[in-house]
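Let's work through a few exercises together. Have the model open beside you, and try each task before reading its solution.

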Amino acid sequence: MIPGAGDPGQGGEAGHPLLSLRGVKRIYGAGDQRIEVLHGIDLDIRKGELVAIIGASGSGKSTLMNIIGCLDRPSEGDYLIDGVSSRQLHSDELAALRRNYFGFIFQRYHLLSHLSAAGNTEIPAIYAGMDGAARSRNAQALLERLGLGDKTSHLPSQLSGGQQQRVSIARALMNGGQVILADEPTGALDTTSGKEVIRILKELNAAGHTVIIVTHDPSIAAHAGRIIEIRDGSVIADRINESPTEPLTREESAAAGEDATPDLSLSPFRAFLAGLSRFQEAFRMAWIAMISHRMRTLLTMLGIIIGIMAVVSVVALGRGASQKVTDNISAMGTNTISIFPGKDWGDVRANRIQSLSVFDLEALRHEVYVDSVTPTVNTSVLFHYGSQEASGQINGVSDQYDRVRGADLAAGRFISREHVRDMAQVAVIDDNTRKKFFSGEDPLGKIIILGRLPCVVIGVLKKEESPFGNPDALKVYIPYTSAIYRVTGNNKLSTIVVRVRDGWSNAVAEQQIINFLTIRHNAKDIFTSSSDTILKTIQETTGTMTLLVSCIAVISLVVGGIGVMNIMLVSVTERTREIGIRMAVGARKSDILQQFLIEAVLVCLIGGILGILCSYGVSLVFSYFVQSMSMVFSLFSIVAAVTCSTLIGVIFGYLPARNAARLDPIVALARE
Ligand code: ADP
Ligand code: MG
């Protein structure tokens with residue numbers, strides 16, 4: 001049976017001593033620096049004894065005590081606890097012994113300064129997995145028993161030395177504390193408080209606890225039933241004290257004997273709850289550490305905040321841009337194919353080529369894959385209305401233009417097939433033109449003069465958001481026949497735009513159009529461009545841009561992560577003593593690892609969330625200045641950002657956390 005895993009056993013009754021040292025040596029350093037502090041100590045301590053270890057300062061008492069309390073291991077020789085060699089025990093098993101079996105009381109109390117008396121008392125129970133309610137109940141009871149019932153919420157700095165030492169006794173008893181190890185417990189106390197502490201220790205001994213007191217003061221040692229004297233690392237005397245001073249009264253010992261050892265064996269479910277409560281505790285500790293260094297934490301977070309903000313904003317901007325373009329293109333007409341004269345973009349002969357004619361338009365109209373078709377005949381002229389004039393653009397279009405391009409009317413109607421047939425002098429004006437000439441007046445039925453062509457206004461278009469061209473340009477739509485025969489004078493079409501019939505693929509229709517017109521013209525003198533291809537190209541471009549900028553943002557995240565790692569390393573160094581105390585009262589390596597890892601993750605996670613909020617702020621500012629486009633946040637990028645910052649916390653927090661968990665408890669405790 002491994003002691004400390006549950007019941008520590010009945011050392012004395014089983015025939016072997018409770019604690020037994022065999023030729024224990026402790027050697028510090030190596031090579032030239034090698035010092036042997038303990039020279040082969042042999043010692044047996046039985047259950048229920050009250051032992052005083054006495055010796056001059058530097059004689060090796062604390063070293064011996066640390067070995068007895070499993071804070072340290074012998075360099076040579078063996079230490080048996082209830083017959084089990086400590087050499088066989090894993091560091092977690094030693095931690096379990098310190099937690100459940102031994103109770104340490106130090107000269108300098110070693111309380112955690114940011115926790116209350118009750119909080120300090122509860123620590124061993126947290127690591128043992130006692131549930132919260134039982135924990136605070138027991139802590140309260142112990143503190144009351146030690147005369148601190150009204151001081152449970154005081155911080156160590158608000159307590160006197162004697163009171164602090166009593167808190168540390170309560171902590172030692174929290175999980176039972178069968179063996180109480182007190183290293184110079186009265187060393188820092190005045191005589192009265194010192195006596196009080198000794199009285200409590202004797203009461204505990206009377207109640208069945210094995211108590212070992214280390215002291216350099218013979219008058220303290222005189223209270224013990226057995227006095228072991230050590231000098232320069234060797235035991236020089238080990239005697240029974242026949243008449244210990246101040247024997248206890250019966251009532252006092254009865255009062256002290258009430259403590260029942262808490263049941264520390266855990267069922268799987270309780271073990272899970274215990275793990276959860278340890279996690280909760282680690283979380284709380286990390287939180288306390290963070291808010292006690294607000295400025296430092298904030299500066300550490302800054303890297304993460306900026307990195308996450310950059311990533312999220314850039315992705316949102318990219319999405320906003322591509323959505324805007326997509327919207328514009330679908331506003332231009334879904335699934336459209338534009339046909340241009342010439343071999344390709346920039347064909348110098350395109351102007352002279354008469355390849356797109358009115359007859360092509362009529363022919364295309366009857367093709368099976370064509371839903372609707374319109375030409376565009378553009379020309380710039382002066383518009384007159386009354387005494388006002390302005391330059392604008394005439395667009396000669398077919399009656400199907402509104403179907404191809406998806407133009408929305410604000411008032412009136414669009415050009416009809418009859419208007420096209422009759423070369424009617426009718427015009428549909430856009431919003432800019434309406435504003436220019438007809439503010440406060442109904443334009444319908446009015447006559448506007450386009451160049452030298454008077455037209456009746458029959459419709460007004462809604463304001464359109466076009467990605468191309470001048471958004472303030474005045475545009476007027478008239479039948480293309482009127483444009484050709486009444487304005488330009490030639491039947492050259494600048495473009496034909498086809499809306500592909502639903503169910504036909506763009507690519508197939510495009511090929512069909514090329515074949516159809518090539519056969520008609522006996523040459524391939526036209527080229528096409530489909531809304532699909534444009535859309536794809538633009539989306540690919542924005543995608544590439546987003547990726548590029550995201551890479552830069554990721555670099556800033558890595559830099560932020562390194563910042564977190566630096567600060568965590570500093571934090572570990574700063575809190576070495578705290579780590580030592582926690583280990584002394586039974587924290588496992590994994591508990592320490594967990595605490596620091598949580599802290600790092602918390603810093604990064606909060607940084608990440610702040611980064612997302614900042615990026616939202618950026619989008620508000622952005623939308624204030626740029627109306628035409630907005631940033632589009634995606635759930636994916638936010639989830640990715642949060643995951644990313646958590647990962648950074650884990651990755652960059654691991655090294656400092658591991659450093660903390662690897663600390664040797666006695667080295668850590670010795671650090672101030
Ligand atoms: P005591 O508690 O009896 O005053 P200690 O056990 O603390 O004595 O120390 C005994 C001797 O061991 C001292 O001479 C001290 O300098 C030395 N010592 C203690 N800890 C270390 C250490 N970590 N490295 C080197 N020497 C140490
Ligand atoms: Mg000492």
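**Exercise 1. Find which side chains make polar contacts with ligand 1.**

Step 1: Start with Y28, where a side-chain N or O atom sits 3.5 Å from a nitrogen atom of ligand 1. A polar contact here is a pair of N or O atoms within 3.5 Å.

Step 2: Move to S62, which has a side-chain N or O atom 2.7 Å from an oxygen atom of ligand 1.

Step 3: Finish with T63, whose polar side-chain atom is 2.5 Å from an oxygen atom of the ligand.

Step 4: Now look at the surface: alone, ligand 1 exposes 560 Å², and the protein buries 58% of that (areas from the Shrake-Rupley method with a 1.4 Å probe).

A word on the source: this is a predicted model, in which local features need pLDDT of at least 70, side-chain atom pairs count only at pLDDT 80 or more, and totals for chains, interfaces and linings use all residues. Residues are numbered from 1 along each chain as its sequence is written, chains are lettered from A and ligands numbered from 1 in the order in which they are written, and side-chain values use heavy atoms, leaving out hydrogens and water.

**Exercise 2. Describe the shell around ligand 1.**

Step 1: List the neighbours, which include I35, V37, G58 and K61 (a residue is near if one of its heavy atoms lies within 4 Å).

Step 2: Sort the shell by class, and you get 4 nonpolar, 6 polar and 1 charged residues. Ala, Val, Leu, Ile, Met, Phe, Trp, Tyr, Cys and Pro count as nonpolar, Asp, Glu, Lys and Arg as charged, and the others, Gly among them, as polar.

Step 3: Ask which element gives the largest share of the shell. The answer is α1, with 3 residues (helices are DSSP runs, H or I, of at least four residues).

**Exercise 3. Work out how α17 and α20 are arranged.**

Step 1: Locate α17 at residues 531-574 and α20 at residues 635-662.

Step 2: Their axes come within 9 Å and cross at roughly 30° (axes are lines fitted to C-alpha atoms over the stretch in contact, with angles from 0 to 180 degrees between N-to-C directions).

Step 3: α17 is therefore roughly parallel to α20, as angles under 35 degrees count as roughly parallel, over 145 as roughly antiparallel, 65 to 115 as roughly perpendicular and the rest as oblique.

Definitions and conventions:
A polar contact is a pair of N or O atoms within 3.5 Å; within protein, one must be able to donate a hydrogen and the other to accept it, and residues adjacent in sequence count only if both atoms are side-chain atoms. Helices (H or I, at least four residues) and strands (E, at least two) are DSSP runs, numbered from the N terminus.
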